[in-house]
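Please take a moment with the sequence and the fold shown here before reading on. The paragraphs that come after are meant to be read alongside them.

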Amino acid sequence: MQSSTNSTVNRSTHDSSRSKSNTPALRVIPLGGLHEIGKNTCVFEYGDELMLVDAGLAFPSDGMHGVNVVMPDTTFLKENQRRIKGMIVTHGHEDHIGGISHHLKHFNIPIIYGPRLAMSMLRGKMEEAGVSDRTTIQTVNPRDVVKVGRHFSVEFIRNTHSICDSFSLAVTTPVGTIIFTGDFKFDHMPVDGEQFDIERMVHYGEKGVLCMFSDSTNAEVPGFCPSEKTIYPSLEKHISEAKERVILTTFASSVHRVTMILELAMKHGRKVGLLGRSMIKSRKLIIENTVKKDIWR
Ligand SMILES: [Zn+2]
């Protein structure tokens with residue numbers, strides 16, 4: 001038995017996924033997102049089964065004139081689509097879900113499991129792309145365990161990140177458990193009050209983990225990153241002191257931040273106007289998915 005990673009497109013066939021003892025090997029194959037920002041797409045292979053984790057896009061760099069979005073090379077998935085048993089989504093950032101609608105036009109993904117917010121975003125994207133009938137979407141809650149194919153069992157562990165409703169994964173396979181953190185930052189004062197489920201991580205740590213895949217931008221920088229909540233006083237200062245209009249820019253998917261801005265607008269008697277297609281779409285999603293939905297009304 002062996003576990004291995006491969007940062008290039010892997011064209012392994014059925015036979016190459018077997019070790020010398022003829023026991024299936026577990027392979028973890030990142031098709032994007034390794035040593036780069038964007039297009040996070042990871043494949044778990046055990047025996048004749050494949051499970052995908054996230055499928056994102058990247059935005060073009062300066063030299064890519066005329067390019068709107070960048071997708072990973074999915075030749076391996078097209079060639080092996082009969083082996084794909086399902087997909088797990090960790091959270092709703094574009095670099096984790098932005099490729100799914102595109103991929104559904106080219107290969108089959110029988111079922112997709114993911115958090116409510118990400119799945120709401122995905123439904124909108126699939127409608128736009130005309131692929132709503134190509135897969136089944138299943139929303140999950142913290143500590144839910146789903147079975148993908150015969151070999152993969154995945155527990156969703158609540159984590160904290162710049163987008164709410166985000167998960168780390170414990171992927172249990174016949175050769176051991178892999179902790180796949182997904183994107184995260186330790187935020188001890190999350191805006192929505194949903195704490196990182198460290199207890200569950202400890203549980204798996206004590207049981208024994210085969211391997212951990214950890215992904216947190218700037219994790220090598222010493223110290224702590226500030227909580228999302230720390231921007232609240234500064235935002236409040238600007239919003240309360242401004243004599244006229246206040247213009248704020250943020251990612252539409254930054255639900256925590258948008259929620260904070262709306263709370264402050266209510267507190268200081270200001271009207272809110274949203275600009276931009278994603279932001280207007282986000283409003284609907286936030287109403288459906290956040291615990292603070294009352295502030296929109
Ligand atoms: Zn992210």
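What follows is a walk through a predicted model, beginning with a sheet and ending with a core.

A good place to start is the open sheet of 5 strands, whose order is β8-β9-β10-β11-β12 and whose pairing is mixed. The edges are taken by β8 (145-148) and β12 (211-215), and because each of these has a single partner strand, one side of each is left without a neighbour in the sheet. On average, and with direction ignored, neighbouring strands of this sheet are turned by 20 degrees against each other. Strands of a sheet pair through backbone hydrogen bonds, and they do so either parallel or antiparallel. For β9 and β10 the sense is antiparallel, and their pairing extends over 7 bridges; one place to look is Phe156, which has Leu169 in β10 as its bridge partner. Helix α5, made of residues 198-207, lies across β9, β10 and β11, and its direction makes an angle of about 150 degrees with β11.

Two residues help to show how surroundings vary in this part of the chain. Ile157 belongs to strand β9, which covers residues 152-159, and it counts as buried because 25 C-beta neighbours lie inside 10 Å, where 20 or more are needed. Setting aside residues up to four places away in sequence, Ile157 touches Phe167, Ser168, Leu169 and Ala170, and also Asp197, Arg200 and Met201. Asn141 is 16 residues from Ile157 in sequence, and the C-alpha atoms of the two are 8.8 Å apart in space. Val175, by contrast, sits in the loop between β10 (166-173) and β11 (176-183), and it counts as partly exposed because it has 17 C-beta neighbours inside 10 Å. Although Val175 and Leu26 are 149 residues apart along the chain, their C-alpha atoms are separated by 7.3 Å.

The last step leads to the largest nonpolar core, which has 52 residues, and among these Phe44, Leu52, Ile88, Leu169 and Val171 touch the most other members. At least three residues of this core come from each of domain 1 (3-215) and domain 2 (228-296). Which residues does Ile88 contact, leaving aside its neighbours within four places in sequence? They are Met51, Val53, Tyr113, Gly114, Val154 and Leu169. Leu169 thus links several parts of this description, appearing as the bridge partner of Phe156, as a residue touched by Ile157 and as a contact of Ile88.

Conventions:
Residues are numbered from 1 along each chain as its sequence is written. This is a predicted model: local features need pLDDT of at least 70, side-chain atom pairs count only at pLDDT 80 or more; totals for chains, interfaces and linings use all residues. Helices (H or I, at least four residues) and strands (E, at least two) are DSSP runs, numbered from the N terminus. A residue is buried if 20 or more other C-beta atoms lie within 10 Å of its own, exposed if 12 or fewer, and partly exposed in between; C-beta atoms are placed from the backbone. Two residues are in contact if their C-beta atoms, placed from the backbone, lie within 7 Å. A nonpolar core is a set of buried Ala, Val, Leu, Ile, Met, Phe, Trp, Tyr and Cys residues joined through C-beta atoms within 7 Å. Domain bounds come from an automatic or database domain assignment. Two strands pair if DSSP finds at least two bridges between them. Axes are lines fitted to C-alpha atoms, for helices over the stretch in contact, and angles run from 0 to 180 degrees between N-to-C directions.
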